[in-house]
Amino acid sequence: MKKMIDTDLLVIGGGAAGLCAAAEAAGAGARVTVIESDLHAGGQLVKQTHKFFGSKDEYAGTRGFKIADILLDEINSLGDKVEIRTNTTVTGYYPEEGFFTAMKGEEEYYRIKAKKTVVATGAQERLIPFPNNDLPGVYGAGAVQTLMNVYGVVPGKKVLMVGAGNIGLIVSYQLRQAGVEIAAVVEAMPKVGGYWVHAAKIRRLGIPILLRHTIVEAFGDKVIEGAVIQELDDKFSLIGEPRTIECDVICMAVGLTPTTELFWQADARMLYCPQLCGHVPYRDETMRTSHPDIWVAGDASGIEEASAAMVEGRIAGHSAAKALGLPVREESFKEYWTRLDHLRAGEVGEKIRGGICQVLVDGWEA
Amino acid sequence: MGCTCNSSDKEKLFCSGVLVDNRPGAVLPPQDAWEKKKGGYVIIECPQRIPCNPCATSCPTGAVVPFVDINDVPAIDYDKCTGCALCVAKCPGLACFVVDLTYGADEAVIKLPYELEPKPVKGARVKCLNRVGDEVSDGEVFAVTEPLKDHTTVVSVVIPKKLVGEIRAIKVVC
Ligand SMILES: Cc1cc2nc3c(=O)[nH]c(=O)nc-3n(C[C@H](O)[C@H](O)[C@H](O)COP(=O)(O)OP(=O)(O)OC[C@H]3O[C@@H](n4cnc5c(N)ncnc54)[C@H](O)[C@@H]3O)c2cc1C
Ligand code: SF4
Ligand code: SF4
């Protein structure tokens, strides 16, 4: 490994949070390098063909992939301050030497030395175990979205969706838009976890949502031919008769968990926080972790929404630029926090607020 | 949202995304005024407090009362609603509709958001669906527009007046 890249600010992950961090810091004059594993920047946004929620400041009512374009335009308008390296994955952090290693494609390796780093690596999908879940035809919701919305391929003809959170509901709708039938959405909880309006929108197209139901097993000879589902009581024990659902795809939308390998390698202080959906780094109000040169933003700091991820990205970029000694607009910091507080104010934000207060510290010892 | 899920079957239905009774964020317009109102009034079905406000920020007249908190559920000032259907096109939850009761003696026009293929064409007969997707009547497409040029079409459909409280979607039959 010979090559070494130098940059003021390294942003790992080119999703909503990373792009906002890059734009904010570059706006203050920083030289920024964004590293993104995927072939193009945008992260989850690129897969979202539906219109976003949130407020106007976070482009509510605009389709997700359009928001990615808006952020990339902002970055382009800043001239050559920001370099985005796609198809490149940050594979490790070496605290003693203080550099990151990156791999472009599958053969080219290099090192990156950065004065400051924002880690915005997003989230990974969770899966639940059930017999035959290794048969072809069992997909994560993210994979289904990538197939459909990025490559224009439908995964099958008839889908059983597992999970009625926003992702399960939205992906069901998107499948339906692509002409795929949804046999049912099963949800273990007694009410949909996602927004009620997203549920209403697929219900009126005739898609059943079976609350207090779960998948028990999948079956099929070489590929998925169906699934067995069953009702749950309020202690989540199986009750009633198992039922067979014919389908050629089982789509799992049972949640996300933050991608945090790099924080562990950097020895950042971490906490397991169920409300934020996994282990996350402690952070101060500027999104700085216990590692003085590493910030966190977006789903990597706790599973929330693109709207919040973008504001967190702005905060991290702002703070990192300031730490680089660059002049920043002080008022922006307050404005960003006001926006975050608004986004988290409702009953849906209650869980997030409960999680954040566990991992937010007043400040780090100098 | 005040969800008491163990109680009745109605509440269970509500918890799975089906509106059962009027509640804050999901009310019908006042009947008397509604019957006389050319152009119709908005009907919004968004009973859960979520961080979202495009209905209010896109309404050109302030008929969707501006939110104090982004999590507010929409409230309508009917005096200001022109039935323009901009909110129908803008709402990411597809939760806004406009219903005009002045179309005929037994017929009304509903303007609803539509994002599926194929798009309906003017004059076509479509199936009208209720909140759980059952076909409850036929309807005739009166107009198809794309107010924001963003692939959400607003379809105006002539439907039986007695079903204005039920019909919330259409199915295009070729
Ligand atoms: C179906 C669905 C619907 C949604 N709807 C909404 C909505 O309506 N409103 C809303 O506000 N939010 C919505 N969201 C949530 C939103 O998409 C995410 O919260 C948001 O994208 C998080 O942004 P992020 O930048 O933290 O993560 P991501 O967008 O996941 O970006 C992280 C990026 O980091 C890259 N990466 C990870 N590890 C590495 C590494 N080691 N090296 C280099 N690159 C790496 C990944 O490839 C990825 O591109 C939805 C999500 C889904 C899945
Ligand atoms: S129909 Fe037009 S005037 Fe009425 S609430 Fe919607 S946007 Fe406002
Ligand atoms: S825009 Fe739609 S989903 Fe959002 S608050 Fe208004 S009615 Fe509800």
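## Salt bridges between the chains

A salt bridge here is a side-chain nitrogen of Lys or Arg within 4 Å of a carboxyl oxygen of Asp or Glu. By that rule, the interface of chain A and chain B in this predicted model has 1 salt bridge. The partners are A:Arg63 and B:Glu115, whose side chains meet at 3.4 Å, N to O.

Polar contacts add to the picture: there are 14 residue pairs in polar contact between chain A and chain B, counting pairs with both residues at pLDDT 80 or more.

## What chain A brings to the interface

On the chain A side, four elements each supply at least two residues that touch chain B: the helices α4 (166-177), α5 (196-203) and α8 (330-343), plus the strand β11 (209-211). The largest share comes from α5(A), with 7 residues. Sorted by type, the residues of chain A that touch chain B come out as 17 nonpolar, 10 charged and 9 polar.

As for the overall extent, 36 residues of chain A are in contact with 45 residues of chain B. The size of an interface is often given as the accessible area lost when the parts come together. For chain A and chain B, that buried area is about 3400 Å², and carbon and sulfur atoms give 55% of it.

## Helix α1 of chain A

Now for a look inside chain A. Helix α1 covers residues 16-27, and its geometry checks out: at 1.5 Å a residue, its 12 residues should span 16 Å, and the end C-alpha atoms are indeed 16 Å apart.

Is α1(A) mostly buried or exposed? Of its 12 residues, 11 are buried, so the helix is largely enclosed by the rest of the structure. The buried set includes plenty of alanine, such as A:Ala16, A:Ala17 and A:Ala21, along with A:Gly18, A:Leu19, A:Cys20 and the charged A:Glu24. Just after the helix, A:Gly29 takes a positive phi of about 110°.

## A:Arg314, a buried partner for α1

A:Arg314 sits in helix α7 (residues 306-323) of chain A. With a relative accessibility of 10%, A:Arg314 falls under the 20% cut-off and so counts as buried.

Which side chain does A:Arg314 join in a polar contact of 3.4 Å? That would be A:Glu24, one of the buried residues of α1(A). Leaving out residues up to four places away in sequence, A:Arg314 also touches A:Cys20, A:Ala21 and A:Ala23, as well as A:Leu71, A:Glu74 and A:Tyr336.

Conventions
Residues are numbered from 1 along each chain as its sequence is written. Chains are lettered from A and ligands numbered from 1 in the order in which they are written. This is a predicted model: local features need pLDDT of at least 70, side-chain atom pairs count only at pLDDT 80 or more; totals for chains, interfaces and linings use all residues. Side-chain values use heavy atoms; hydrogens and water are left out. Contact means heavy atoms within 4.5 Å. Buried area is the accessible area (1.4 Å probe) that two parts lose on being put together, summed over both. A polar contact is a pair of N or O atoms within 3.5 Å; within protein, one must be able to donate a hydrogen and the other to accept it, and residues adjacent in sequence count only if both atoms are side-chain atoms. The expected span of a helix is 1.5 Å times one less than its number of residues. Buried means under 20% relative accessible area, exposed over 50%, partly exposed in between (1.4 Å probe, protein chains only).
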